[in-house]
Amino acid sequence: MIKGTAVTLAPPERELARAMAARRAEWRARQQVPGWAIGDGSRAGAWQDQDLLASCSELAFCKLANIYPAGIQEGAGVALEIDCRLFNGDGVDIKSTRYPTGSLRVSVRKYRPAVERTWYVLMTGTGPESEWVFRGAMRPADLIAPERLTSFGGVDHQYIADQSILIDLP
């Protein structure tokens with residue numbers, strides 16, 4: 001997949017994204033788990049917005065890759081570490097931002113070294129009706145490194161990679 005490849009979600013895919021986001025919110029409420037978005041989530045509706053953004057980005061990436069996201073499989077939980085698997089079996093963790101120049105960011109509190117993910121992917125878009133753009137990919141060994149660890153806005157420690165160093169997905 002080439003950096004800059006864009007896609008929009010069809011109306012049924014938009015509804016699926018909304019349903020996935022609602023399912024995440026319900027799960028979080030049942031488990032009493034706070035939202036895992038980067039930032040403090042203090043704005044009303046911030047976690048619901050982030051759930052929808054994440055669901056849209058996962059569906060958009062999977063549409064580009066011609067695969068299904070793990071979050072819509074029968075019986076799949078919503079606290080998944082791998083958002084999808086490519087045809088070759090590579091596990092992909094999809095990150096999203098609404099900012100076209102945004103960076104790939106992985107929170108220290110969410111990173112689990114035992115998870116068999118092969119790629120982190122960055123998608124940008126603003127919601128179900130927007131265009132979603134594949135901004136690039138990076139292997140965990142390249143992203144999860146001391147030189148990429150920083151504090152963003154004093155809220156959370158994260159591993160950060162600028163889009164300029166992300167690569168096309170082979």
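Asp93 is buried, and Lys95 is buried as well. In this predicted model, these two residues form a salt bridge with each other, in which the closest N and O atoms lie 3.5 Å apart. The pair is one of 5 salt bridges that a search of the whole structure finds. Side chains of opposite charge can pair when their charged atoms come close.

A further salt bridge is formed by Glu13 and Lys63, whose closest N and O atoms are 2.9 Å apart. This pair links distant parts of the chain, since Glu13 belongs to helix H1, which covers residues 11–31, while Lys63 belongs to helix H2, which covers residues 46–65, and the two residues are 50 residues apart. Neither partner falls into the buried class: Glu13 is partly exposed, with a relative accessible area of 24%, and Lys63 is likewise partly exposed, with a relative accessible area of 34%.

Helix H1 also supplies Arg18, which forms a salt bridge with Glu129, the closest N and O atoms being 2.8 Å apart. Because Arg18 lies in H1 and Glu129 in the loop between strand E5 (119–124) and strand E6 (131–138), the pair ties together parts that are 111 residues apart in sequence. Arg18 is partly exposed, with a relative accessible area of 32%, and Glu129 counts as partly exposed at 49% relative accessibility, a value that stays below the limit because exposed means over 50%. Through salt bridges that share partners, Glu15, Arg18 and Glu129 are joined into one network.

The strands on either side of this loop, E5 and E6, are part of an open sheet of 5 strands, which has the order E1-E6-E5-E3-E2 and mixed pairing. The edges of the sheet are taken by E1 and E2, each of which has a single partner strand, so one side of each is left without a neighbour in the sheet. Strands of a sheet pair through backbone hydrogen bonds, either parallel or antiparallel. In the case of strand E1 (residues 6–8) and E6, the pairing is antiparallel and extends over 3 bridges. Within this pairing, Val7 has Trp132 of E6 as its bridge partner, and Thr8 stands opposite Glu131, also in E6.

E6 is joined to E5 by 5 bridges, and these two strands run antiparallel. One of the positions in this pairing is that of Leu122, which stands opposite Gly136 in E6. The connection between E5 and E6 is a hairpin that passes through 6 residues. Of the 8 residues of E6, 6 are buried, so this strand is largely enclosed by the rest of the structure.

The salt bridge between Glu13 and Lys63 leads to another feature of the model, because both residues are among those closest to the centre of the second largest pocket, together with Leu59, Ile67 and Tyr68. About 160 Å³ of space lies in this pocket, and 11 residues line the second largest pocket in total. H1 and H2 are the elements that give two or more residues to its lining, and H2 gives the most, with 3 residues. By residue type, the lining of the second largest pocket divides into 8 nonpolar, 1 polar and 2 charged residues.

Between H2 and strand E2 (84–85) there is a loop, and Asn66 has its place there. The phi angle of Asn66 is near 60 degrees, which is a positive value in a residue other than glycine. In contrast to the buried pair of Asp93 and Lys95, Asn66 counts as exposed, at 61% relative accessibility.

The cysteines were examined as well. A disulfide is a covalent bond between the sulfur atoms of two cysteines. The count for this model comes to 0 disulfides. Cys62 is in no disulfide, and the nearest cysteine sulfur to it, that of Cys84, is 3.9 Å away, whereas a disulfide would need the two sulfur atoms within 2.5 Å. Cys62 counts as buried at 1% relative accessibility, and Cys56 is also buried, with a relative accessible area of 0%.

Methods. Residues are numbered from 1 along each chain as its sequence is written. This is a predicted model: local features need pLDDT of at least 70, side-chain atom pairs count only at pLDDT 80 or more; totals for chains, interfaces and linings use all residues. Side-chain values use heavy atoms; hydrogens and water are left out. A salt bridge is a side-chain nitrogen of Lys or Arg within 4 Å of a carboxyl oxygen of Asp or Glu. Helices (H or I, at least four residues) and strands (E, at least two) are DSSP runs, numbered from the N terminus. Buried means under 20% relative accessible area, exposed over 50%, partly exposed in between (1.4 Å probe, protein chains only). Two strands pair if DSSP finds at least two bridges between them. On a 1 Å grid over the protein atoms alone, a cavity is a set of points where a 1.4 Å probe fits but cannot get out, and a pocket is an open set with protein on both sides within 12 Å along at least five of seven lines; lining residues have an atom within 4 Å of a point. Grid points are joined across faces, edges and corners, and a volume is the space filled by probe spheres set on the points. Ala, Val, Leu, Ile, Met, Phe, Trp, Tyr, Cys and Pro count as nonpolar, Asp, Glu, Lys and Arg as charged, and the others, Gly among them, as polar.
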